[in-house]
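Me: I should like to learn how to read the features of a protein model, beginning with its pockets. Please give the general idea before each case.

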Amino acid sequence: MRKIHFDEIDSTNAYLERNYMNFPDLTVVSADVQTAGRGRLNREWNSGKGGLWFSILFRNPELSPATLQRICSIVSVEVLMRLTEKREFGLKWPNDIYYRDRKISGCLQKNIFSGGESACIVGTGININNEIPAELSGKGISLKQIAGKAFNCSEILDTILIDVERGLVDYDENEFLNRYRDYSIIRPGSEVTVKRFEDERIMTGKVLEHPIDEIRLFIEDEEVVYRAGDITLKDW
Ligand code: BTN
């Protein structure tokens, strides 16, 4: 993979969105600091020094954007487990990584279709040595807090990229789905709270089934299917 690193940039995703046409497939952009990092739903993504902020460009990918994003998240979970020798990391649908009840990483994907070409940008943010801002304490956590020591972000990035490339070669859908299920913290029977996009109504229910790209819930005596939304596990 071709790597480009910035000391500071607005957002590695936004940079690739503006410039993807000048770079080959599998270009990776990382930065020490993002001044305008973004998360899902255009939320601010706190991206101070010490964290790992990077985006991978896929040009005309054969795999779907959801699959590419999933590969990146699964690989990140496994790398975090290996680095800490702890198993209490999990994926929260769609692509958040949690350590116990706190978020350590998020993934954001952008698809572009232009002039008969398609591009997919998958951006990952992992709290490594960065300070978790006071307003997120109790919600966010860093690898340094978990392991009690600092890590080298660029080594972690290299490890993730090697594993992502490995996942792309001879991609095996079933194998990745099994890995996703192994790490998913939302399982049939989990009690969850869901904030509906349309009207922001908050509802509580039980997960009936969690196929990879949706969640079937039982809410107020009826079955509801979620394909996008904000889901929180109730007993956290
Ligand atoms: C989320 O959980 O809401 C997704 C967070 C994604 C953050 C990463 S950091 C690198 C890339 N650049 C961004 O502006 N966002 C993504």
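Me: How many residues of the lining of the largest pocket are nonpolar, polar and charged?

Reply: Rolling a probe the size of a water molecule over the atoms shows where empty space is left. Here the lining of the largest pocket divides into 14 nonpolar, 18 polar and 12 charged residues. Ala, Val, Leu, Ile, Met, Phe, Trp, Tyr, Cys and Pro count as nonpolar, Asp, Glu, Lys and Arg as charged, and the others, Gly among them, as polar. This is a predicted model, in which local features need pLDDT of at least 70 and side-chain atom pairs count only at pLDDT 80 or more, while totals for chains, interfaces and linings use all residues. Residues are numbered from 1 along each chain as its sequence is written, and side-chain values use heavy atoms, with hydrogens and water left out.

Me: Which residues lie nearest the centre of the largest pocket, and which element supplies the largest share of its lining?

Reply: Of the 44 lining residues, Arg43, Trp45, Tyr98, Lys103 and Leu136 lie nearest the centre. Strand β6 supplies the largest share, 4 residues. Strands are DSSP runs of E with at least two residues, numbered from the N terminus.

Me: How should aromatic pairs be read, and how many does a search of the whole structure find?

Reply: A pair of aromatic rings is described by the distance of the centres and the angle of the planes. Rings of Phe, Tyr and Trp (its six-membered ring) pair if their centres lie within 6.5 Å; planes under 30 degrees apart count as stacked, over 60 as edge-to-face and the rest as tilted. The search finds 4 such pairs. Tyr15 and Phe23 form a tilted one, 6.1 Å centre to centre with 35° between the planes, and both residues are buried (under 20% relative accessible area, with exposed over 50% and partly exposed in between; 1.4 Å probe, protein chains only). The rings of Phe89 and Tyr99 have centres 5.0 Å apart and planes at 55°, so this pair is tilted. Phe89 lies in strand β4 (residues 89-92) and Tyr99 in strand β5 (residues 96-99), so the pair ties together parts 10 residues apart in sequence.

Me: How many disulfides does the structure hold?

Reply: A disulfide is a covalent bond between the sulfur atoms of two cysteines. The criterion is a pair of cysteine sulfur atoms within 2.5 Å. The structure holds 0 disulfides. For Cys107, the nearest cysteine sulfur, that of Cys72, is 5.5 Å away.

Me: Why is Cys153 not bonded to Cys107?

Reply: The sulfur of Cys153 is 16 Å from that of Cys107, the closest cysteine sulfur, which is too far for a bond.

Definitions and conventions. On a 1 Å grid over the protein atoms alone, a cavity is a set of points where a 1.4 Å probe fits but cannot get out, and a pocket is an open set with protein on both sides within 12 Å along at least five of seven lines; lining residues have an atom within 4 Å of a point.
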